[in-house]
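Student: Hi! Could you walk me through this structure before I head back to the bench?
Tutor: Happy to. Have a look at it here, and we'll go one piece at a time.

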Amino acid sequence: QVQLEESGGGLVQAGGSLGLSCRASGNVLSFDTMGWYRRHPWEQRELVATITEGGVTNYKDSVKGRFTISRDNAKNTVYLQMNSLKPEDTGIYYCSATGETFGFGAFETWGRGTQVTVSS
């Protein structure tokens with residue numbers, strides 16, 4: 001079983017910054033892609049940013065130039081630095097990860113989410 005634990009959400013004024021982190025633990029042989037998704041109220045979850053094991057990144061267009069995703073493979077942790085935040089960035093942010101376990105094959109798992117609120 002693989003668990004993801006997010007931290008770092010909170011309330012910030014527009015134009016401010018927040019950093020999120022997500023640490024993975026459990027029966028993990030290796031991690032492949034890790035990422036961040038968010039869900040606005042009454043909307044579906046959407047991709048914010050992903051990063052492969054080799055460091056290749058992908059971002060939602062609206063966050064390019066403002067958000068930076070990174071990972072520390074030795075710590076099984078993925079980060080999301082969010083700058084120049086806008087009210088429309090408000091939502092629940094979820095960490096995700098895919099990879100391989102010891103003896104049980106591939107996995108895809110999600111964290112419980114952390115609230116980010118940007119006030120205008």
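**A chat about strands, a disulfide and a core**

Tutor: Let's begin with T109, which is buried, with a relative accessible area of 15%. Keep in mind throughout that this is a predicted model.

Student: Why does 15% count as buried for T109?
Tutor: Because buried means under 20% relative accessible area, and T109 has 15%.

Student: Where is T109 found?
Tutor: T109 is in strand β10, which covers residues 106-110.

Student: And which residues is T109 in contact with, leaving aside neighbours within four places in sequence?
Tutor: Those are V2, L4, C95, S96 and A97.

Student: V2 and L4 are on that list. Which way do the side chains of β1 point?
Tutor: They alternate: V2, L4 and E6 point to one face and are buried, while Q3, E5 and S7 point to the other and are not. In a regular strand the side chains alternate between the two faces of the sheet.

Student: How does β1 pair with β3?
Tutor: The two are antiparallel, with six bridges between them. V2, for instance, has G26 in β3 as its bridge partner.

Student: What is the order of strands in the open sheet?
Tutor: The order is β1-β3-β8-β7, four strands with antiparallel pairing. At the edges are β1 (2-7) and β7, each of which pairs on one side only. On average, neighbouring strands of this sheet are turned by 15° against each other, direction ignored.

Student: How many bridges join β3 to β8?
Tutor: Six, and again the strands run antiparallel; β3 spans residues 18-26 and β8 spans residues 77-82. Within that pairing, C22 has V78 in β8 as its bridge partner.

Student: A cysteine! How many disulfides does the structure hold?
Tutor: One. C22 is joined to C95, with S to S at 2.1 Å. The pair links distant parts of the chain, 73 residues apart, with C22 in strand β3 and C95 in strand β9.

Student: Is that disulfide left-handed or right-handed, and why?
Tutor: Left-handed, because the torsion about the S-S bond of C22 and C95 is about -85°.

Student: Are the two cysteines buried or exposed?
Tutor: C22 is buried, at 0% relative accessibility. C95 is also buried, with a value of 0%.

Student: Changing topic: what does β11 pair with?
Tutor: Strand β2 (residues 10-13) runs parallel to β11 and is joined to it by four bridges; Q13 has S119 as its partner there. Strand β9 (residues 91-101) pairs with β11 in the antiparallel sense over three bridges, and Y93 stands opposite T114.

Student: Which side chains of β11 are buried?
Tutor: T114, V116 and V118, which point to one face; Q115, T117 and S119 point to the other and are not buried.

Student: So what about the largest nonpolar core, how many residues has it?
Tutor: It has 28, and those with the most contacts inside it are W36, L80, M82 and Y93. The strands that each supply at least two residues include β4 (28-39), β5 (45-51), β9 and β11. As background, in soluble globular proteins, nonpolar side chains tend to be buried together.

Student: What is M82 in contact with, beyond its sequence neighbours within four places?
Tutor: G16, S17, L18, L20, R66, F67, Y93 and V116.

Student: And where does V48 lie?
Tutor: V48 lies in strand β5 and is buried, at 0% relative accessibility. Not counting residues up to four places away in sequence, V48 touches ten-odd names you can click through, among them W36, F67, L80 and Y93.

Student: R66 came up with M82. Is R66 buried or exposed?
Tutor: Buried, at 10% relative accessibility. R66 lies in the loop between β6 (57-59) and β7 (67-72).

Student: Which polar partners does the R66 side chain have?
Tutor: A polar atom of the R66 side chain lies 2.9 Å from the backbone oxygen of S84. The R66 side chain also makes a polar contact with the side chain of D89, at 2.8 Å.

Technical notes. Residues are numbered from 1 along each chain as its sequence is written. This is a predicted model: local features need pLDDT of at least 70, side-chain atom pairs count only at pLDDT 80 or more; totals for chains, interfaces and linings use all residues. Side-chain values use heavy atoms; hydrogens and water are left out. Buried means under 20% relative accessible area, exposed over 50%, partly exposed in between (1.4 Å probe, protein chains only). Contact means heavy atoms within 4.5 Å. A polar contact is a pair of N or O atoms within 3.5 Å; within protein, one must be able to donate a hydrogen and the other to accept it, and residues adjacent in sequence count only if both atoms are side-chain atoms. Two strands pair if DSSP finds at least two bridges between them. Axes are lines fitted to C-alpha atoms, for helices over the stretch in contact, and angles run from 0 to 180 degrees between N-to-C directions. A disulfide is a pair of cysteine sulfur atoms within 2.5 Å. A nonpolar core is a set of buried Ala, Val, Leu, Ile, Met, Phe, Trp, Tyr and Cys residues joined through side-chain atoms within 4.5 Å.
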